[in-house]
Amino acid sequence: MLSSFLLTGLLAIQATAIQFNVSVGRNGLTFEPNEIRAARDDIIEFRFWPRNHSVVAGRFNEACVPAPSGAGFYSGFLPTPADTINPQVFRIRINNSDPIVFYCSQNNGQHCKNGMFGIINPTMGGASTLAGYRQLALQAGNATSPSGGPFGGQFAANPNTVPPAPAATTVTVTASGSAATPTETDGDESSTSGTSTGSAASSTPSGGAVALGAGGSPFAGLVVAGAAALLFV
Ligand SMILES: [Cu+2]
């Protein structure tokens, strides 16, 4: 009886959910804040800054690896051009007080290994702490992204207004959009010169050089694909 009254009272007190805003990549390879103490029903809102970041729920016993299948959350990658902030935010709701670790799975620059992770409800010691996870991350290789698209959270419009506003000049945006295409053309050109310069020249003695030379066009294709993947990174 009494305990149920107390419980009701506690629930009433905790009914006010808090929202925590986390800046993703605003100052280098960082989540800010990277330690959050949140209660059930609180919201964590991830706001994405330039480059191409993601946020993935991880596991404490293995750094830069997603939580077991079906658990946690994943935002997917949100490429964000320089001098802008992504128009979308990714929100997750906290279900309990268990520690949650999250990281960025961008491997161009190995963001996770280089410190781009954070913890919700860290423990006072042991593995579920920033220090513990950092130790594991330093030994990690590339991070893993969950297969498939985003899950475990919701996208919403970013309420934050962007410092510079390039959106006002629609014509310029179109121009810069078409300017992105020549970048891929550059990739073609550099791959052609790359074939004659680097790999072919240095590896001429080996049989592999022939395959590489013959596969000139597939190689160029690789470079183009690479250039596309590196966009905004
Ligand atoms: Cu990142």
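## A walk around the copper site and its surroundings

Start by selecting Phe31. Leaving aside residues up to four places away in sequence, phenylalanine 31 touches Val22, Ser23, Val24, Phe46, Ser54, Val55, Phe102, Tyr103, Cys104, Met116, Phe117 and Gly118. Keep Cys104 and Met116 from that list in mind, as they come back at the metal. One caution before going on: this is a predicted model.

**Next, the core around Phe31.** Add Ile44, Phe46, Val55, Phe73, Ile92 and Ile120 to your selection. Together with Phe31, these have the most contacts inside the largest nonpolar core, a set of 21 residues. Now color strand E1 (19–24), strand E4 (43–48) and strand E9 (88–93): each supplies at least two residues of this core. There is also a second, separate core of 15 residues; Tyr103, Cys112, Ala137 and Ala140 are among its members. As a rule, nonpolar side chains in soluble globular proteins tend to be buried together.

**Now the copper ion.** Which protein atoms are its donors? Show His53, Cys104, His111 and Met116 as sticks: the donors are ND1 of both histidines, SG of the cysteine and SD of the methionine, at 2.0 to 2.7 Å from the copper ion. The angles among the four donor atoms run from 95 to 128°, and that makes the arrangement tetrahedral. For comparison, the ideal angle for four tetrahedral donors is 109.5 degrees. If you have the sequence panel open, look for the spacing H-x50-C-x6-H-x4-M.

Stay on two of those donors. His53 sits in strand E5 (residues 51–53), while Met116 is in the loop between strand E10 (100–103) and strand E11 (117–120), so the pair ties together parts that are 63 residues apart in sequence. Buried or exposed, where does His53 fall? Histidine 53 is buried, at 1% relative accessible area. Methionine 116 is buried as well, at 0%.

**Then some backbone oddities.** Most residues other than glycine have a negative phi, and most peptide bonds are trans. Three spots here are worth a click:

- Glu32 to Pro33: this peptide bond is cis, with omega near -5°. Pro33 is in the loop between strand E2 (31–32) and strand E3 (35–36).
- Cys64: phi is positive, near 65°. Cysteine 64 belongs to strand E7 (residues 62–66) and counts as buried, at 1% relative accessibility.
- Asn121: phi is positive here too, at about 55°. Asparagine 121 lies in the loop between E11 and helix H2 (130–139), and its relative accessible area of 9% makes it buried.

**Zoom out.** Switch to a cartoon of the whole chain and you should find five helices and twelve strands. Of its 233 residues, 32% count as buried. Taking contacts between residues at least 6 apart in sequence, 72% join residues at least 24 apart. With a surface on, the chain exposes about 12,900 Å², and carbon and sulfur atoms supply 60% of that.

**Last stop: color by pLDDT.** The chain averages 75, and 62% of the residues score at least 70. Where does the score stay under 50? Select residues 168–232: that is the stretch, and the model has 26 contacts beyond four places in sequence for it. Where pLDDT is low, the predicted coordinates should not be read in detail.

Note on methods. Residues numbered from 1 in each chain as written. Predicted model: local features only at pLDDT ≥ 70, side-chain atom pairs only at ≥ 80, totals over all residues. Heavy atoms only, no water. Helix = DSSP H or I, 4+ residues; strand = E, 2+ residues; numbered from the N terminus. Buried < 20%, exposed > 50% of the residue type's maximum accessible area, 1.4 Å probe, protein only. Contact = heavy atoms within 4.5 Å. Areas by Shrake-Rupley, 256 points an atom, 1.4 Å probe, with all protein chains shown as cover. Core = buried A, V, L, I, M, F, W, Y, C linked by side-chain atoms within 4.5 Å. Donors = N, O, S within 2.8 Å, 3.2 Å for Na, K, Ca; no water. Tetrahedral: all angles 85-135°; square planar, octahedral: opposite > 155°, others 65-115°. pLDDT = per-residue confidence, 0-100.
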